[in-house]
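Q: Please take a close look at a single part of this model, and then at the charged pairs elsewhere in the chain. Begin with how far the prediction can be trusted.

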Amino acid sequence: MATPVLRWCCLGRRCVFAGIGGGSRRGRGVPTGSTSSEKRGQSSVAQQPLITAQKPRKGEREWAAVVGLEIHAQIASNSKLFSGSQVDFAAPPNSLVSFFDASLPGTLPVLNRRCVEAAVMTGLALDCHINRRSLFDRKHYFYADLPAGYQITQQRLPIAVNGRLAYSICVGKRRSQMVTRTAGVKQIQLEQDSGKSLHDSLRSQTLIDLNRAGVGLLEVVLEPDMSCGEEAAAAVRELQLILQALGTSQANMAEGQLRVDANISVHHPGEPLGIRTEVKNLNSARFLAKAIDCEIQRQISELENGGKILNETRSFDYKLGCTVPMRDKEGKQDYRFMPEPNLPPLLLYDSRSLPIGTDPQQVIDIDRIRERLPELPRVTREKLVQQYGMLPEHSFALLNEVGLLEFFQNVIKETRAEPKKVTSWVLNTLLGFLKQQNLAVSESPVTPSALAELLDLLDRKAISSSAAKQVFEELWRSKGKTPAQMVAEKKLELMQDAEALEQLCRSTLEAHPQVVTDVKKGNPRAINKLIGLVRRATLGRADPTAIKEVLERQLSS
């Protein structure tokens, strides 16, 4: 059977897919993108009726996708979750491994207070219920980078449950309208990270680095409330910004500090939810979106061709642009969960339940942590829109690049230019140059002070906009000179001599009678040609608006 032609569009609450062909063979059972097999069919969002903007063509059937995420974020802490070993991404292999990390007999876990506070702070920021009592469990599986043969996690009673993550995506023909979506946060749990496997293909061997073993992780489990790669990527990016604002995780995906597993299934609207697959270890928002969309299309194609979806774990091959099988999950893996015998229940308090005379260093006070919560990204964006009158999408762009908001605010402090003009130069010119050369904001050759001075020159009409762009390029290429010095050296100042401009305009009109005739006949482009001729004669030093005013006055006289 030929591969069906697929239509795909994001409509309202979830993405809608349509494939050519009548029937389909649905997989066994009704699991979704959720991680909980018992409650996979209970998500109110997943069960909402699908609303489409247009009817499918004859012979087509609609498809709906369901996506849930498991996000692992390394906690920003000087030491590991249960040992005093230092945490350092760039350390030499196996240089930060304690006896406990290596699972030597007789070693015991000691819970890191900082990691607990980070989990509580993250839960509060995501509107979660913080459990006053939570438990630790052992999750048994055998792999070379897990020396104990089990992971300490929170399977039965995690530290936080039942929250929400609001995120925004761009919609509309021009992608200029921001729409807010919400994904439920099922739970946040504390757990150990594993070590790292280093595969040497040349020598056909695998080496193990245990520096990462035992580093504290926050596992944030999102309900299957998303329906396409774009929504999932936006949700992860918002969570990344929240974690960075809180300081609970650096959340650098390139360094493995934030890793995502996506659970994906498709079904016909009104029918039971389909078999899910899990795509593991996605380490960038762009690859996350691509992997989910590719897997959705693969599942639809498979079902439309009479196949079935296997409950399996897959990975994303970015070179091939598709997901590939890793291992099947048809047989339930028995992790033999058991209570962690070496850790008592974790007890948290608030101001009302805190025992009198208790040492604050010996307990976690939820209310004290709540008081220390910093401003969250959504609040910052709202303030930017209100204070500077910028578009919502511009506020998102400023926060999405590390250090860009601080750069923008520093320029604002030092310039008299309007905030909208500063926004345009930062987001269009500066960010464009940074992305072109793959530089971080902190690596920009143009400082906030230099850009502020350049915008001041432009604001008081000392230079034209084209000259300002020329000066910016010079600032980017060379250091040590100010914008004013560059303007003086290259003689880029706007003409201030009104009489000289009058004479140049008059000479231009006399030298081009045919263009003058075209202007008088109503040709709108002819006046632009005259402006260009005058600007060329002034080497670009005349203000186009001033030239136009002089020309129009002379033509009408």
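A: Over residues 16–55 the pLDDT (the predictor's confidence in each residue, from 0 to 100) stays under 50, and the model has 120 contacts (heavy atoms within 4.5 Å) for this stretch beyond four places in sequence. The protein chain has a mean pLDDT of 85, with 87% of its residues at 70 or more. Residues 1–14 also have pLDDT below 50, with 53 contacts beyond near neighbours in sequence. This is a predicted model, in which local features need pLDDT of at least 70 and side-chain atom pairs count only at pLDDT 80 or more, while totals for chains, interfaces and linings use all residues. Residues are numbered from 1 along each chain as its sequence is written, and side-chain values use heavy atoms, leaving out hydrogens and water.

The part chosen is helix α8, residues 419–436. Helices (H or I, at least four residues) and strands (E, at least two) are DSSP runs, numbered from the N terminus. The 18 residues of α8 should span 26 Å, the expected span being 1.5 Å times one less than the number of residues. The end C-alpha atoms of α8 are 24 Å apart, which agrees. At Val426 the helix α8 bends by about 30°, taken as the angle between axes fitted to the seven residues ending there and the seven starting there.

Val426 is also among the buried residues of α8, together with Val422, Thr423, Trp425, Leu427, Thr429, Leu430, Leu431 and Leu434. Buried means under 20% relative accessible area, exposed over 50% and partly exposed in between (1.4 Å probe, protein chains only). These buried residues pack against α6 (392–400), α7 (404–414), α9 (448–459) and α10 (465–477). Just after α8, Asn438 takes a positive phi of about 55°.

Elsewhere, the count of salt bridges comes to 23, each being a side-chain nitrogen of Lys or Arg within 4 Å of a carboxyl oxygen of Asp or Glu. One of them joins Arg132 to Asp350, with the closest N and O atoms 2.9 Å apart. This pair links distant parts of the chain, 218 residues apart: Arg132 lies in the loop between β4 (129–130) and β5 (133–134), and Asp350 in the loop between β18 (346–347) and α4 (366–371). Arg132 is partly exposed at 35% relative accessible area, whereas Asp350 is buried at 6%.

Another salt bridge, between Arg298 and Glu295, has its closest N and O atoms 2.7 Å apart. Both residues lie in helix α3 (residues 285–304), three residues or about one turn apart.
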